[in-house]
Amino acid sequence: MTETDVPLQPKKKGLTRRQRRSLSRGAQYVVFVAVVIGVAVTADWSRLKNQFAQWDIAREMFPDVITLALKNTVLYTLSGFAVGLVLGMVIALMRLSSVGPYRWFAGVYIEIFRGLPALLIFIFIGVAVPLAFPGTEIVGGTYGKVALALGLVAAAYMAETIRAGIQAVPKGQMEAARSLGFSPGRAMVSIIIPQAFRIILPPLTNELVLLFKDSSLVLFLGVTLEERELSKYGRDLASQTANSTPILVAGLCYLLVTIPLGFVVRRMEAKAQEAVK
């Protein structure tokens, strides 16, 4: 038998790319399910229930957890967001200014307040300001202090977001406004900024969610019983009852606000992408 008479063996084919991807995805699912089952089997659910799910304690928190704690949290957040939005707009315009000192001041402000933890800003407002200006009271008491502290932090992030939104507006819009007789300032206010806000609305809403959580730092300013927000309210009750159920309820109240806001952000981002297409 000659070499030409030997039958050719078919080449073995390996897995295709799609098969390897499916196999990898299946392995990930198996690992995930195994981890979940392992946690569910090994966790001591009775102890968790006793510590975090005492429904009689949870029932006693209502309606104060909504009418007092959640209300204060929302007020702190909205006031801080308003201050941050106004100050952020000013800083963003200074950042875009042709005047050098304005740009330098805006750049330094953004770098400092984006780099410092929000906790230090709250301590600065609550301790350093009264020491530096004896006898001076911030308008609004605790609400004013929280609005200022949250606003100073939020403004640094909002300024960069607003600046990016303004720069994203086509330059032809400003040129068209100037050709119609608009001054640069009026064109910016009437034409450019409204278009920029349509672009930056999703990230601004996301900033609102972050401020809602940062409002828990109000405890470092020293608050009365009527000024407590969700975290402070939950911790106080947890100490009184020697149980963590109030902290769980406070966390669920946060989710009542953050989850709908997150859904709104995703919807706005989807609409913005559709508009681009």
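Here are a few worked exercises on this predicted model.

**Exercise 1. What secondary structure does the protein have, and how spread out is the fold?**

Start with the count: there are eleven helices and zero strands. Reading from the N terminus, the element string is α-α-α-α-α-α-α-α-α-α-α. Next, take the radius of gyration, which is 28 Å, and set it against the 19 Å that the globule rule gives for 277 residues. The value is well over the rule, so the protein is more spread out than a compact globule. Then look at the C-alpha trace, which spans about 110 × 70 × 30 Å along its principal axes.

**Exercise 2. Work out how much of the chain is buried, what the surface is made of and how the charges sit.**

Burial goes first: 35% of the 277 residues count as buried. The accessible surface comes to about 17,600 Å², and carbon and sulfur atoms own 65% of that. For charges, tally 29 positive and 18 negative side chains. The centres of those two sets lie 10 Å apart. One more number, on contacts: take those between residues at least 6 apart in sequence, and 77% of them join residues at least 24 apart.

**Exercise 3. Which elements build the largest nonpolar core, and which residues have the most contacts inside it?**

The largest nonpolar core has 42 residues, and the ones with the most contacts inside it are Ile91, Tyr109, Phe122 and Val146. Now ask which elements supply two or more residues: these are helix H4 (64–95), helix H5 (100–115), helix H6 (118–132), helix H7 (141–168) and helix H9 (184–214). H7 gives the most, with twelve residues. To zoom in, pick Ile91 and skip anything up to four places away in sequence: Ile91 then touches Phe105, Ala106, Tyr109, Ile110 and Ala159. Finally, don't miss the second, separate core of 14 residues, which includes Leu68, Ala69, Leu230 and Ala250.

**Exercise 4. Find two spots with backbone geometry worth a second look.**

Begin with what to expect: most residues other than glycine have a negative phi, and most peptide bonds are trans. Now check the bond from Phe62 to Pro63: this one is cis, with omega near 5 degrees. Pro63 sits in the loop between helix H3 (55–60) and H4. Then go to Ala242, which has a positive phi of about 55 degrees although it is not a glycine. Ala242 is in the loop between helix H10 (230–241) and helix H11 (245–276). Its relative accessible area is 64%, so Ala242 is exposed.

**Exercise 5. Serine 97 and glutamate 137 are both in loops: is each one buried or exposed?**

Place them first. Ser97 lies between H4 and H5, and Glu137 is in the loop between H6 and H7. For Ser97, relative accessibility is 16%; buried means under 20%, so Ser97 counts as buried. Leaving out residues up to four places away in sequence, Ser97 touches Tyr102 and Arg103. For Glu137 the figure is 66%; the exposed cut-off is over 50%, so Glu137 counts as exposed. As a last distance check, take Glu137 and Leu150: they are 13 residues apart in sequence, and their C-alpha atoms are 17 Å apart in space.

Definitions and conventions
Residues are numbered from 1 along each chain as its sequence is written. This is a predicted model: local features need pLDDT of at least 70, side-chain atom pairs count only at pLDDT 80 or more; totals for chains, interfaces and linings use all residues. Side-chain values use heavy atoms; hydrogens and water are left out. Helices (H or I, at least four residues) and strands (E, at least two) are DSSP runs, numbered from the N terminus. The radius of gyration is taken over C-alpha atoms; the globule rule is 2.2 Å times the number of residues to the power 0.38. Buried means under 20% relative accessible area, exposed over 50%, partly exposed in between (1.4 Å probe, protein chains only). Contact means heavy atoms within 4.5 Å. Accessible areas come from the Shrake-Rupley method with a 1.4 Å probe; for residues, only the protein chains shown count as cover. Lys and Arg count as positive and Asp and Glu as negative; His and the chain ends are not counted. The place of a charge is taken as NZ of Lys, CZ of Arg, CG of Asp or CD of Glu. A nonpolar core is a set of buried Ala, Val, Leu, Ile, Met, Phe, Trp, Tyr and Cys residues joined through side-chain atoms within 4.5 Å.
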